[in-house]
Amino acid sequence: MSYLSKTDPEIADIIEKERLRQTNGLELIASENLVSHAVLEAMGSIMTNKYAEGYPGKRYYGGCEFHDEAENLARDRLKKLFGAEYANVQPHSGTQANMAVYFAFMNLGDTLMSMKLTQGGHLSHGSPVSFTGKFYKVAQYSLDPKTEMLDYGTIEEMARKEKPKMLVCGASAYPRTIDFKAFQEIADSVGAYCMADIAHIAGLCATGVHPNSVGVVNFTTTTTHKTLRGPRGGAIMANAEYGPAIDKAVFPGMQGGPLMHTITAKAVCFEEALRPSFTEYNKQIVKNAKVLAETLMANGLRLVSGGTDNHLMLLDLTAQGITGLEAETALGKAAITVNKNTIPNETKSPFITSGLRVGTPAVTSRGMKESEMRMIGNWIATVVKDVKNEAAIRDVRAKVEAMAGKFPIYPE
Ligand code: PLP
């Protein structure tokens with residue numbers, strides 16, 4: 001930041017404060033991660049200086065030859081990573097990747113069937129406050145109230161009744177394995193398309209740590225910044241036959257110029273994800289989540305569905321008599337960053353909630369393993385069981401900062 005600190009010290013100071021927050025604390029927000037130096041460099045590069053509306057070989061601006069090379073590499077690497085026939089790397093975000101698939105294959109007023117937000121779904125899957133809830137008729141499935149897991153029989157029944165045009169699977173807060181084949185079969189049986197939004201678990205899917213949706217369902221959408229550990233953005237994969245309609249829906253359908261610095265950084269991320277070390281990394285994310293979950297449960301805390309198969313877990317704080325908001329605030333004081341989250345059959349508002357979502361991608365990126373997860377689990381339990389105990393929170397913060405100091409995010 002040597003240049004910025006001279007030209008705009010106010011902003012340089014804000015960035016430095018955020019660097020210290022990330023360095024000294026523990027990031028346990030399940031949808032966040034820490035990108036590599038190489039991804040940061042590509043994102044902060046001169047590739048931002050260019051308009052490149054269109055696609056490689058068919059641009060609406062001159063001088064795009066090197067942008068074509070970068071976007072072709074990004075697409076080819078992503079296809080290789082997931083075994084996809086077709087990829088589009090231009091969506092600015094996960095929500096826009098979803099929007100492009102809806103725009104390409106649905107008409108306004110068609111039925112979209114997906115998981116309820118309060119059960120773990122995402123806003124862009126049909127929430128009334130999102131465009132999806134305004135443009136489409138929405139039918140939403142819930143988890144089995146006993147197991148707190150997906151119940152494919154009930155989903156099939158609902159699909160038969162609602163006759164959706166698009167059946168969406170994938171979630172923001174679901175700690176268990178998703179059976180993509182079962183979803184596609186349900187969609188096929190009612191003449192619907194099936195879209196898997198693997199935003200959260202993309203890294204796990206790419207490395208075989210979770211079953212891959214690509215080649216199984218009609219369309220796969222993702223963000224690139226969660227378990228994939230890339231820049232913030234979205235991507236879409238599908239069989240080649242769907243490519244032209246998706247390309248048209250992204251541009252000119254809903255976006256103008258692609259963010260070429262981000263697409264270049266996506267290419268860097270996908271190359272990193274093709275390395276054997278990325279598979280090891282994703283295996284470690286899941287091992288870490290299992291140990292963290294076991295530690296929390298050993299401390300008497302309840303996890304929705306009784307555990308986790310992936311990178312995240314959902315704590316139900318009802319028995320502790322505190323809200324997700326209170327727990328998030330107390331943990332924040334201890335330099336442990338998490339987010340409050342609704343739990344199945346939530347009784348509180350999304351801003352208060354009864355639960356917490358906890359994930360291991362970012363701490364695993366720092367090199368933390370099972371022994372650190374045990375410590376983190378015990379610290380979380382100490383704080384949430386006694387959120388008003390300021391002395392205990394200060395003590396946990398000192399321990400968190402001491403441990404974080406041993407795992408630099410960007411070692412020299
Ligand atoms: N889909 C799922 C399942 C998500 O969890 C998220 C974000 O958390 C998104 C889509 C949206 O991504 P973005 O925030 O990039 O629009």
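How far does a polar side-chain atom of lysine 226 lie from an oxygen atom of the ligand? In this predicted model, the separation is 3.0 Å. The protein covers 83% of the 390 Å² of accessible area that the ligand has on its own.

**The ligand and its surroundings**

Lysine 226 belongs to a shell of residues around the ligand, which also contains Ser93, Gly94, Thr95, His122, Ala171, Ser172, Asp197, Ala199, His200, Thr223 and His225. By residue class, this shell divides into two nonpolar, eight polar and two charged members. The space that the ligand takes up is the second largest pocket.

Three side chains that have polar atoms at short range of the ligand are set out in the table below.

| Residue | Ligand atom | Distance |
|---|---|---|
| Serine 93 | oxygen | 3.4 Å |
| Aspartate 197 | nitrogen | 2.5 Å |
| Lysine 226 | oxygen | 3.0 Å |

For serine 93, the distance runs from an N or O atom of the side chain to an oxygen atom of the ligand. In the case of aspartate 197, a polar side-chain atom lies 2.5 Å from a nitrogen atom of the ligand.

**The largest pocket**

Rolling a probe the size of a water molecule over the atoms shows where empty space is left. The largest pocket has a volume of about 970 Å³. Its lining consists of 27 residues, of which Glu18, Arg19, Gln22, Leu40 and Tyr410 are the closest to the centre. Which element gives the most to the lining of the largest pocket? That element is α2, with seven residues. Helix α2 spans residues 9-24, and at least two lining residues each come from α2, from β1 (26-27) and from α3 (37-43). In terms of residue class, the lining of the largest pocket comprises 11 nonpolar, eight polar and eight charged residues.

**Enclosed cavities**

How many cavities of 30 Å³ or more does the model contain? The count comes to two. The largest cavity has a volume of about 70 Å³. Thirteen residues are not all equally placed around the centre of this cavity: of the 13 that line it, Ala171, Tyr174, Ile178, Ile201 and Asn310 are the closest to its centre. Ala171 is also one of the residues that surround the ligand. The lining of the largest cavity divides into six nonpolar, five polar and two charged residues.

**Backbone features**

Two local features of the backbone complete the description. Phenylalanine 251 and proline 252 are joined by a cis peptide bond, with omega at about 10°. Proline 252 is part of helix α10, which covers residues 243-254. Serine 305, a residue other than glycine, has a positive phi value near 70°. This serine 305 is found in the loop between β11 (302-303) and β12 (312-316).

Definitions and conventions: Residues are numbered from 1 along each chain as its sequence is written. This is a predicted model: local features need pLDDT of at least 70, side-chain atom pairs count only at pLDDT 80 or more; totals for chains, interfaces and linings use all residues. Side-chain values use heavy atoms; hydrogens and water are left out. A residue is near a molecule or strand if one of its heavy atoms lies within 4 Å of it. A polar contact is a pair of N or O atoms within 3.5 Å; within protein, one must be able to donate a hydrogen and the other to accept it, and residues adjacent in sequence count only if both atoms are side-chain atoms. Accessible areas come from the Shrake-Rupley method with a 1.4 Å probe; for residues, only the protein chains shown count as cover. On a 1 Å grid over the protein atoms alone, a cavity is a set of points where a 1.4 Å probe fits but cannot get out, and a pocket is an open set with protein on both sides within 12 Å along at least five of seven lines; lining residues have an atom within 4 Å of a point. A molecule sits in a cavity or pocket if more than half of its atoms lie within 2 Å of its grid points. Ala, Val, Leu, Ile, Met, Phe, Trp, Tyr, Cys and Pro count as nonpolar, Asp, Glu, Lys and Arg as charged, and the others, Gly among them, as polar. Grid points are joined across faces, edges and corners, and a volume is the space filled by probe spheres set on the points. Helices (H or I, at least four residues) and strands (E, at least two) are DSSP runs, numbered from the N terminus.
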